[in-house]
Amino acid sequence: MRLTYTSDLWWKNAVVYCLDVETFKDGNGDGVGDFRGLTQQIDYLAGLGVTCLWLMPFFPTPNRDDGYDITDFYSIDPRLGTLGDFVEFMRTAHDRGLRVIADLVVNHTSDRHPWFKESRRSKDSPMRDWYVWSDKPEPDDPEQVVFPDKENSVWQYDKGSGQYYLHSFYRHQPDLNVGNPEVRDEITRILGFWMELGLAGFRVDAVPFLIENVDPELADPHEFLADLRAFMTRRKGGSILLGEVNLPYRDLLRFFGEGLGDQLTMCFDFIGMQNSWLSLARNSARPLMNALKDRPRAPKDCQWAMFLRNHDELTLDKLTEEERQEIFEAFGPRKDMQIFGRGLRRRLPTMLGGDLRRVKMAYSLLFSLPGTPVIFYGEEIGMGENLDEEGRLAVRIPMQWSEDGGFSQSPDTVREVPEGSFAPDRVNVADQRRDTDSLLRWFQLLIERYRECPELAWGQYTVLDAGDDAIFVHRCDADGATVVVAHNLCDTARDVELRLDGLEHCDLTDLLVDGTLKVSADGTVKLALDPHGCRWLRASPPELPPEDASVMSQ
């Protein structure tokens with residue numbers, strides 16, 4: 001398999017770090033995170049090794065949905081700073097070699113957005129068709145209601161103008177009509193504006209909802225995504241659209257641009273994520289193995305984005321009810337840990353009981369899975385959640401910089417941090433920087449090794465059967481270079497024998513700890529794994545140093 005490497009495809013083996021400016025670092029002492037504080041921490045992020053920052057919404061907002069209800073797409077929430085602060089942040093990030101993408105939330109606006117205020121003014125408003133209106137609500141499908149604990153319909157009656165408007169999410173978030181060419185043009189202008197200020201792309205929120213309002217008799221809904229991608233490529237080669245598309249694989253391929261790869265650049269692998277958690281709950285590799293075997297190859301110049309946790313709930317909606325209950329029982333047995341009946345509002349370290357061996361193994365699994373890893377702020381130090389916060393806000397807590405918190409000098413912070421085992425005096429950046437065995441140092445090692453192993457992201461992967469359900473093994477091959485990765489999902493040591501065709505007589509050098517194995521003449525090797533152990537092994541001929549066997553050295 002011959003690959004062509006170019007800086008335009010930087011995202012193929014990037015490390016994406018998602019953060020909320022509001023909860024990352026307060027730079028002016030008012031209790032709210034801001035761009036000034038974020039800029040102060042750029043060196044920390046660069047030192048961690050991440051290569052791309054994904055910013056959650058930072059636009060003006062009534063803040064009824066943590067910033068996802070937007071009133072102005074061309075400005076900065078005054079609590080977070082000014083456009084000048086944003087530009088200074090971008091300059092500093094670029095100076096450290098970091099790219100930046102931002103949430104593109106254009107499925108809906110806030111009901112306080114000037115566009116909607118004008119649209120609802122009357123049926124004759126020139127902006128009436130910027131939103132989706134109907135004389136009577138269409139039949140509701142309960143499955144369409146995203147927040148069943150808050151809403152019972154996706155239609156809301158507007159007394160002032162005498163019609164119903166569509167809201168796929170909360171009633172204070174009316175859906176834009178992206179079938180309207182004027183709306184499409186405006187969305188394109190929004191992209192162009194922020195790209196001129198340095199953004200390398202966008203994470204597109206709720207993509208299926210975004211295009212489902214397009215009347216297929218008037219236009220192909222997917223043409224909108226293709227047009228956005230083409231516009232961005234013309235403006236800045238190498239810019240990306242990272243899509244939130246929580247659909248089965250067969251349906252998701254259309255969002256890449258089936259056969260062409262001309263729509264979304266990357267899509268999150270929700271199916272792989274959910275089956276990873278089922279594997280962790282069962283201490284069995286089978287669910288994850290089956291998911292990756294079923295996963296289609298992304299089109300050329302497209303990529304899968306891998307994650308275990310993100311800024312939302314841990315959604316388990318693509319699993320069966322029985323499988324969901326297995327995960328609930330293992331990782332969130334209390335009702336206050338669950339949300340919407342389909343997910344968990346917890347962070348990974350608390351779900352794994354703070355067991356550092358297991359936590360380190362889980363993140364090793366994430367960074368080695370075929371695709372581009374995406375991590376959520378605070379994961380690198382093992383932050384927990386605060387279940388006293390409402391809904392998804394439980395995991396969107398202030399970053400823990402030091403034993404006294406370190407997020408802000410103000411006693412009135414935007415949200416409270418957890419107490420107990422995951423409080424700042426137990427989990428923080430400052431302490432872990434001084435501890436060579438800390439989770440933070442483990443993250444730095446994983447990121448360094450991942451960046452040294454482009455085979456993991458660029459190569460062709462093969463899931464191997466280790467003959468033991470507790471062991472997940474896969475190999476990635478590219479340009480004659482091979483990396484083999486093994487993970488033990490259970491709490492007892494395991495010895496397995498692997499068949500590695502084409503690697504006869506090769507050395508396998510462990511990239512995480514010291515050690516070398518020899519593949520026999522018949523292509524087999526015996527591998528020992530500690531409880532919740534993980535091993536990354538680079539194959540090299542005996543006469544070639546392992547560092548010269550990488551794709552990067554060829």
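**Exercise 1. Cavities and the largest pocket**

Find how many cavities of 30 Å³ or more this predicted model holds, then describe the largest cavity and the largest pocket.

*Solution.* Start with the enclosed space.

- Step 1. Two cavities of 30 Å³ or more turn up in the structure.
- Step 2. The volume of the largest cavity is about 60 Å³.
- Step 3. Its lining includes the acidic positions Asp 20, Glu 22, Asp 66 and Asp 77, along with Phe 58, Phe 59 and Arg 79. Pro 57, Thr 61, Asn 63, Gly 67 and Leu 80 also line the largest cavity.
- Step 4. Now turn to the open space: the largest pocket holds about 1,200 Å³.
- Step 5. A total of 47 residues line this pocket, and those nearest its centre are Glu 143, Val 146, Phe 209, Asp 317 and Arg 342.
- Step 6. Sort the lining by element. Helix 7 (207-212), helix 10 (270-282) and strand 11 (314-315) each give two or more residues to the lining of the largest pocket. Helix 7 gives the most, with three residues.

**Exercise 2. The nonpolar cores**

Work out which residues have the most contacts inside the largest nonpolar core, and list the contacts of Phe 89 beyond its neighbours within four places in sequence.

*Solution.* A general tendency is a good place to begin.

- Step 1. Nonpolar side chains in soluble globular proteins tend to be buried together.
- Step 2. Here, the largest nonpolar core has 157 residues. Tyr 17, Phe 89 and Trp 277 have the most contacts inside this core.
- Step 3. Take Phe 89 and set aside its neighbours within four places in sequence. What remains in contact with Phe 89 is Phe 35, Leu 38, Thr 39, Ile 42, Leu 53, Leu 55 and Val 100.
- Step 4. Another core, of 21 residues, lies apart from the largest one; among its members are Ala 486, Leu 498, Cys 506 and Val 519.

**Exercise 3. Looking for disulfides**

Count the disulfides, using a cut-off of 2.5 Å between cysteine sulfur atoms, and explain the result for Cys 302.

*Solution.* Check the distances one cysteine at a time.

- Step 1. The count comes to zero disulfides.
- Step 2. For Cys 302, the closest cysteine sulfur belongs to Cys 267, and because the two sulfurs are 7.7 Å apart, they are too far from each other for a bond.
- Step 3. Cys 302 has 2% relative accessibility, so this residue counts as buried.
- Step 4. Cys 490 is in no disulfide either: its nearest cysteine sulfur, in Cys 534, is 13 Å away. Cys 490 also counts as buried, at 7% relative accessibility.

**Exercise 4. A three-stranded sheet**

Give the strand order of the open sheet of three strands and find its edge strands.

*Solution.* Read the order, then look at the pairing.

- Step 1. The order is 4-6-5, with antiparallel pairing.
- Step 2. Strand 4 (133-134) and strand 5 (155-158) each pair on one side only, which makes them the edge strands.
- Step 3. Four bridges connect strand 5 to strand 6 (residues 163-166) in the antiparallel sense. Within this pairing, Asp 158 stands opposite Gln 163.

**Exercise 5. Strand 16 and its two partners**

Decide whether strand 16 (residues 471-478) is largely enclosed, and trace its pairing with strand 15 and strand 17.*Solution.* Burial comes before pairing.

- Step 1. Seven of the eight residues of strand 16 are buried, so the rest of the structure largely encloses this strand.
- Step 2. Strand 15 (residues 460-464) pairs with strand 16 in the antiparallel sense over five bridges. Gln 460 has Asp 477 as its bridge partner in strand 16.
- Step 3. Six residues lie between strand 15 and strand 16 in their hairpin, and Gly 467 in the turn has a positive phi of about 75°.
- Step 4. Strand 16 and strand 17 (residues 481-488) are antiparallel, with eight bridges. Here the bridge partner of Arg 475 is Val 484.
- Step 5. This hairpin of strand 16 and strand 17 has two residues between the strands, and Asp 479 in the turn has a positive phi of about 55°.

**Exercise 6. Strand 19, covered on both faces**

Determine which residues of strand 19 (residues 507-510) lie on each face, and name the bridge partners of Leu 508 in strand 20 and strand 22.

*Solution.* Faces come before partners.

- Step 1. Asp 507 and Thr 509 lie on one side, Leu 508 and Asp 510 on the other, and all are buried.
- Step 2. Strand 19 pairs with strand 20 (residues 516-518) in the antiparallel sense over three bridges, and Leu 508 stands opposite Leu 517.
- Step 3. The hairpin of strand 19 and strand 20 has five residues between the strands, with Gly 515 in the turn at a positive phi of about 150°.
- Step 4. Strand 19 is also joined to strand 22 (residues 534-540) by four bridges, running antiparallel. In strand 22, Leu 508 has Ala 539 as its bridge partner.

Methods. Residues are numbered from 1 along each chain as its sequence is written. This is a predicted model: local features need pLDDT of at least 70, side-chain atom pairs count only at pLDDT 80 or more; totals for chains, interfaces and linings use all residues. Side-chain values use heavy atoms; hydrogens and water are left out. A nonpolar core is a set of buried Ala, Val, Leu, Ile, Met, Phe, Trp, Tyr and Cys residues joined through side-chain atoms within 4.5 Å. Buried means under 20% relative accessible area, exposed over 50%, partly exposed in between (1.4 Å probe, protein chains only). Contact means heavy atoms within 4.5 Å. A disulfide is a pair of cysteine sulfur atoms within 2.5 Å. Two strands pair if DSSP finds at least two bridges between them. On a 1 Å grid over the protein atoms alone, a cavity is a set of points where a 1.4 Å probe fits but cannot get out, and a pocket is an open set with protein on both sides within 12 Å along at least five of seven lines; lining residues have an atom within 4 Å of a point. Grid points are joined across faces, edges and corners, and a volume is the space filled by probe spheres set on the points.
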